Amino acid sequence: MNLNATIIGQSIAFAFFVWFCMKFVWPPIVAILEERAKKISDGLQAAERAEKDLELAQEKSTEQMKEAKQEAASIIESANKRAAQIVDEAKEQAREEGQRIIAGANAEIEQEINRAKQQLREQVAALAVAGAEKILEKSVDQAANEEMLSKLANEL
Amino acid sequence: MAAADGAEQTATEYVSHHLTNLTFGKIDGHWGFAHSPEEAAEMGFWAINVDSMLMSVLLGALFVGLSRFVISRMTVDAPKAASWQSILEVTVEMVQDSVKSSFHARNNLIGPLALTIFCWIFLMNSMDLVPVDWIPLLAQTAMGDSHAYFRAVPTTDLNITLGFAVSVFFLIIFYSIKIKGLGGFLGEFAFHPFGKYAVPLNLLLELPGFLAKPVSLALRLYGNFFAGETIFLVIALLGYWQLPLHFPWAVFHILIVTLQAYLFMMLTIVYLDQAHTDH
């Protein structure tokens, strides 16, 4: 084993390869490693952001759902109220209509009764006159009797 | 065994043949390959281990080439990424994590430096998982010399590990002076730990520790793989018995290969962190 100029040769080769590595090997590899690291961290950030967005959207949707439910409930309530009102109104109308009809019927009945009374009176008068004629057996002045009888009928 | 000549090779010869570098240098006034370890030693410092350098540069080129190939078809979409891309990304992230946990200053060199050290040493180390005769046989066939030395695992060559360690050492000195100034850098040796009245004692305590950094870096890696490779060679001598023995040793070495590459990287980061901070 003897030391010789191989040391110098090896040192020169070493310097060359280190220079080559520093110039053409190290930078591209480090660059690609950094690029990948950046890409991954970007992806993670995006995922985090998306998660936050999702959470926000979920919150919003539950809020809207709640609002919608409330609105629906209030609509149903007012509809129910309105329906009750309509029913009440209809009942009222029907009652009024009924009363009106009853009043009309009553009035007609009254009229009918009056007419019947009148007729009855006239017939009673005629009957009385006929009775009186029979009693008197004598014909009386027709015209004077008529007048007297209608007066009598009106007094009845 | 690699030696194809008629003469029977002894076990010692086999092992030492595999652990001898193919050295190119000047001997007896002309340039050529050394034919024995003695000739290689005679060449002195101005010789070069062709096998280690060749494997080292080839594996370094494999690292950057494969990386560039993977980068050229890289995609941000993780599920669509090829498994090669995942391997590269995992490695880079491991290196980034190590740098982040141990290196507290800012320096764009540290990441690529650590990545290169880890991947390159990992590839060099993993050459010892290739059966010990394959790569030498390939080299011998290519050279047309069945006796040629060829050491397939560059990290079993102290020159290679020292090449790394010395480079790191110079980086430590460079950044220490750049960050703390020459005075601050030298002051760390002179005025710690006993204040300015005990400068010689301080130097005696601090300098060996500082100088030990590159030596320990280089020797740790070299020692692990020299020993590991020697055991692989001894196992290869056992005939059919090498099959059940090679497997557990290779499995164990998968751990050693990764661990030593990681250790070298980690220590480099830590040393450079010390160079960037006052302590």
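## Contact between chain A and chain B

The side chains of A:R36 and B:E89 are joined in a salt bridge, with 2.7 Å from N to O. This pair runs between chains, linking helix α1 of chain A, where A:R36 lies, to helix α4 of chain B, where B:E89 lies. The model described here is predicted. Over all chains of the whole structure, a search finds 7 salt bridges, and the count between chain A and chain B is 2.

**Chain B**

Chain B contains 9 helices and 3 strands. Along the sequence, these elements follow the pattern α-β-β-α-β-α-α-α-α-α-α-α. The C-alpha trace of chain B spans about 70 × 60 × 40 Å along its principal axes.

**The interface**

The size of an interface is often expressed as the accessible area that is lost when the parts come together. For chain A and chain B, the area buried between them is about 3,600 Å², and 76% of it is on carbon and sulfur atoms. Three residues, A:F14, A:F17 and A:W26, supply 20% of the area that chain A buries against chain B, which is more than any other three residues supply. In terms of residues, chain A gives 29 to the contact and chain B gives 53.

Polar contact is also found across the interface: 13 residue pairs between chain A and chain B are counted, with both residues at pLDDT 80 or more. On the side of chain A that touches chain B, the residues divide by class into 20 nonpolar, 6 polar and 3 charged.

**The largest pocket**

The largest pocket holds about 420 Å³ of space. Its lining consists of 15 residues, and those closest to the pocket centre are A:W26, B:V99, B:R106, B:N107 and B:N108. A:W26 thus appears in two settings, as one of the three residues named above for buried area and as one of the residues closest to the centre of the largest pocket.

Helix α1 (6-136) of chain A, together with α4 (83-102) and α5 (110-126) of chain B, each supply at least two residues of this lining. The largest share, 5 residues, comes from α1(A). Helix α4 of chain B, which contributes to the lining, also carries B:E89 of the salt bridge to A:R36.

The table sets out the classes of residue for the two surfaces.

| Surface | Nonpolar | Polar | Charged |
|---|---|---|---|
| Side of chain A that touches chain B | 20 residues | 6 residues | 3 residues |
| Lining of the largest pocket | 8 residues | 4 residues | 3 residues |

Terms used: Residues are numbered from 1 along each chain as its sequence is written. Chains are lettered from A and ligands numbered from 1 in the order in which they are written. Side-chain values use heavy atoms; hydrogens and water are left out. Contact means heavy atoms within 4.5 Å. Buried area is the accessible area (1.4 Å probe) that two parts lose on being put together, summed over both. A salt bridge is a side-chain nitrogen of Lys or Arg within 4 Å of a carboxyl oxygen of Asp or Glu. A polar contact is a pair of N or O atoms within 3.5 Å; within protein, one must be able to donate a hydrogen and the other to accept it, and residues adjacent in sequence count only if both atoms are side-chain atoms. Ala, Val, Leu, Ile, Met, Phe, Trp, Tyr, Cys and Pro count as nonpolar, Asp, Glu, Lys and Arg as charged, and the others, Gly among them, as polar. On a 1 Å grid over the protein atoms alone, a cavity is a set of points where a 1.4 Å probe fits but cannot get out, and a pocket is an open set with protein on both sides within 12 Å along at least five of seven lines; lining residues have an atom within 4 Å of a point. Grid points are joined across faces, edges and corners, and a volume is the space filled by probe spheres set on the points. Helices (H or I, at least four residues) and strands (E, at least two) are DSSP runs, numbered from the N terminus.
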